[in-house]
Structure formats: C-alpha cells, structure tokens
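User: I would like to learn how to read helices, sheets, cores and backbone angles in a structural model. Could we work through some cases together?

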Amino acid sequence: MRFSESSNAVTPPRVARVLWRRKMVCLVVAAVVYLGGVGLLVMRKPVYQSTASVALLPITTNSSVLPNYSNLISSLIPTYVQLVSSPILLDQVALSLPFAVSGSQLESDVHAESTSSAAIITIVAQLPSAIQAQQVAARTLAAFVTQLKNNGVVTTRIYEFPTLPSKPAGPSLKVVLAALLMLAAILGLAAGLVWDRLFSGANNGGQLTDMTRLPDLGTVPDVSEQLDMAAILADRDGSVPQDSWRALRTNFLRGTGHLMRSVTVTSLIQGESKTTVAVNLAAAVAEVGLTVALVDGAARHPGLHELFGLDNSQGLSSTVLSGADPASLLRATPAIPGLQVVTAGPPIPSGLAESGIYLEQLPKFASLVDLVIVDGPALQGDANGALAASATDGVVLVVPPGAARMEHLKAALRILEGSGTPVLGTVLAENGRLVSLSKATGDPDTLQPSSG
C-alpha cells in the first residue's frame, strides 16, 4: 500500500475522531477565546450613535436636471458620501463644536451612508458621549447642507434631525455573546485539528489507521509479568495479553496474511518491540496448528538466540558462509509446538554482500513450513531492513505509542515503498518487553523476561 496524499484524505469520520481525541485542546482554546472576548466586552467603553438624514431633490428651476435626475443622482451620491468625511468639511465642523476636537479626530467618528434608490444621505456620528454624538451629527448636517447650497443640481431637505441617543450603539449583548461563543467554538475546533497535525502521537490503533490508512492489526500489551511464553497463549480468563496476541493473530490472518508464505516484522528504529511482536505473532499462529519458522533477520543486531537460549554458531548466515541446508537450521521450540527458530548465525565478513542472504536464502525457508516470520532489521540506519522486507511477501510495521508521529510513519513507509512489498498493517507496541528462554531456571521450557 502506497503512502500518498490520499492517506491524508479529510473525511467527516476522521475529523470527528481527531476532534474527540483532542477535545481538551479544543475546550481550552474555546474557553480562552470566549473568556478573552467577554473580558474585552467588559472593558470596552460604550459608544453612542446619533444620525441625521438628508434627502437630495432635483432643483425644479433647472429644466435640464429633471429628465436625467435618476442617472445623475446615482453618479453624485458616492461623491456626497465622501464629502461628509472629507477633511475640509470636518475641520469646519470641529470649529463649530462647543468642545475641543480637531477635524482629524472626527474622521474616525463621522461617516455617511447612502440609500441610492431613495437619494438619501445618512450622516452617522459615534462618540463616547451621547451629547457629543448628537452635537457632532447636528453640526456635520449643517455643514453638509451648506456645502450643497446653490450647487445648481440638487437641493437638500432634512429628512431626519439628530436625536440624543439613550443607550450605546451596537448589537444586543445576547447577539454579541452568541457570536463570540460561535467564534470560540470554531477556533477551538481548528486548534484541535492543528494540534493533532503538528503534535500528534498515535496512542491507539485507531489513530494509527487515521494517520496511515493501513489496517490496525492490534496492540501489543506490557508482557513484563508473563514469565512463560506458553502462558501468554494459554486459555486463562481475564488474560489481557493472551487476548491481545490472539486478536493480533486473527487480524493478521483475516487480512491478506493467510495468503502469505513469508512476512517481515520490522520497525523504524531498533528497540521498538518488533522482536516482541515477531515472537508472539509466530507463537499465536503456531497455536492454530500451522508450522511457523521464526527467522532472525537482524544480522547486525541478532537477538533470537539469546531470547530462546540457543547456540548462534549456525544460523541464517550459514547458508552462504558454509552452504548450510536451510532445513538443518530449523530448531524446534518445546514450549510452543509447531514453532521453529532460525538464529542469525555467525557475523558476515565485511567483504561479503549481505543481499544474497536476504534475497536468495530467506525465500528457501518458505518451502519448509506453512509460514515464515522474519524478525527483520530496523528500517532506519540499516540498509538490510528494506532487503529483508523485499525478500518476503508482506510486512508488519511495529510503532511505539506517542513516538508514532506522522513524520515517523512517513519515514518508515517511504523505506517500505522502496522494497515493493505490501504493508499488511501496523501494530502499536505498549511497553512490550522481550521474553527469553533461560537455562538458569533449570527448565528450558520456561521463559524469563529480558530487556529488549
């Protein structure tokens, strides 16, 4: 499956899931915006508005005006609107007022509105004082009428005189609070989406599916208390790990896993519980009666020989170092019938290409068992990660919680795209620890926890 722009397609269900998991971010941002807006409303000084209206009528003494009055007034009204707030007129208004103010100060307090169909100019004055608002509106009206006197085109008739406003201008408090609440909600939702995009870390399988559009195969539990590998798969009521591994197996086989002869389990970097997933997936599949070969494909960081307490003098690398028969490298695991292990084998000399081990030797194990599960090298910092993936039929990608940001997943999926092997799905690893067979217990079938 290619990781492309379609992986980030925005759909209502995905948006809803993102908003739900980022609900605290949404609520906090919405609360801050709403409370901040309410604070600004409380601190805002009231503004009083007084208006005056002037009708522009044609001069009856000019016979050339009447036939073209409608067209003429339509072209003149924008000019008259600008005249009301012009510096020349406002300077005259400022000089006539009973309180000290300049024309430039009135520019932000006075403006005009027009009703073209009715040829009416409305003068609006908005000031912190109701009395001053009325005075400015009245003096502006007088100055405007004076400017239009004897213009030869229109005559003015006062349609509405300025009145003393009884309450501050603006919409009702209920309307403002409702609009503020809506704005806070929109910004809160937007903040949740942005936060998820910038700081998202996958903490459950659903989030991984949202981020990658890959199937969610399961979540690996904390297995630190599971000392016996067989106990992980035993039928014990209330065993969360056992249920999780079985769910992983079911999801794996239900997808395209049942058509696969070989699968690589890998992660972006070392230490992200890929071996935990590989071991337990192999054991879970073997539980249903299939024969499984668990192969240590991490030549530079081998671990399965320690995990199962096996000698590593013979392993996968022996197929090219000494021409060993792949069948001779399979080692049965008494604790898990049907599961056989292939260790990594001796280190490969620097002059010998490792590609032959993965591309030529790994496929040979598929003819010996029902399913080969390769504990592959990490994808980043090891060129063999892509090689191991390309040598198998499918890939299972293991990612850690929180660290599985979009960039983290993109990096892993870019590498896997180059291998040409389909990614069957993702597994979220929750503090998984490796388990190892220890001869120190005196019981080779007992599994002890180790740090891996």
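Analyst: The following turns take up a few features of this predicted model.

User: Which residues of helix α2 are buried, and how should their placement be read?

Analyst: An α-helix has 3.6 residues a turn, so residues three or four places apart point the same way. In this structure, helix α2 spans residues 23-43 and reaches 30 Å from its first C-alpha to its last, close to the 30 Å expected for its 21 residues. Its buried residues are Val25, Cys26, Ala30 and Gly37. They lie on the same side of α2, because they cover an arc of only 120 degrees around the axis.

User: What does the face of α2 turned away from the buried side carry?

Analyst: That face carries exposed residues: Met24, Leu27, Val32, Leu35, Val42 and Met43.

User: In what order do the eight strands of the open sheet run, and which stand at the edges?

Analyst: The order is β5-β12-β11-β6-β10-β7-β9-β8, with mixed pairing. The edges are β5 (216-220) and β8 (331-332); each has a single partner strand, so one side of each is left without a neighbour in the sheet. Within the sheet, β7 (residues 292-296) and β10 (residues 371-375) pair in the parallel sense over five bridges. Asp296 stands opposite Asp375 in β10.

User: At what angle to β10 does helix α11 run?

Analyst: Helix α11 (residues 274-287) runs at about 165 degrees to β10. This helix lies across several strands, including β5, β6, β7 and β12.

User: Which residues touch the most other members of the largest nonpolar core?

Analyst: Among the 33 residues of that core, these are Leu56, Leu106, Ile121, Val136 and Phe144. Elements that each supply at least two residues include β1 (48-58), α3 (69-84) and β3 (120-127), while α6 gives the most, with eight. Apart from this core lies another, of 32 residues, among them Val279, Leu281, Ala335 and Ile336. As for the contacts of Ile121, the residues it touches include Leu56, Ile77, Tyr80, Val81 and Phe144, not counting residues up to four places away in sequence.

User: What is the phi of Asn150, and is this residue buried or exposed?

Analyst: Most residues other than glycine have a negative phi. Asn150 has a phi near 60 degrees, a positive value in a residue other than glycine. This residue is placed in the loop between α6 and β4 (154-160). Asn150 counts as exposed because its relative accessibility is 72%, and the cut-off for exposed is over 50%.

Methods
Residues are numbered from 1 along each chain as its sequence is written. This is a predicted model: local features need pLDDT of at least 70, side-chain atom pairs count only at pLDDT 80 or more; totals for chains, interfaces and linings use all residues. Side-chain values use heavy atoms; hydrogens and water are left out. Helices (H or I, at least four residues) and strands (E, at least two) are DSSP runs, numbered from the N terminus. The expected span of a helix is 1.5 Å times one less than its number of residues. Buried means under 20% relative accessible area, exposed over 50%, partly exposed in between (1.4 Å probe, protein chains only). The arc is that of the directions from the helix axis to the C-beta atoms. Two strands pair if DSSP finds at least two bridges between them. Contact means heavy atoms within 4.5 Å. Axes are lines fitted to C-alpha atoms, for helices over the stretch in contact, and angles run from 0 to 180 degrees between N-to-C directions. A nonpolar core is a set of buried Ala, Val, Leu, Ile, Met, Phe, Trp, Tyr and Cys residues joined through side-chain atoms within 4.5 Å.
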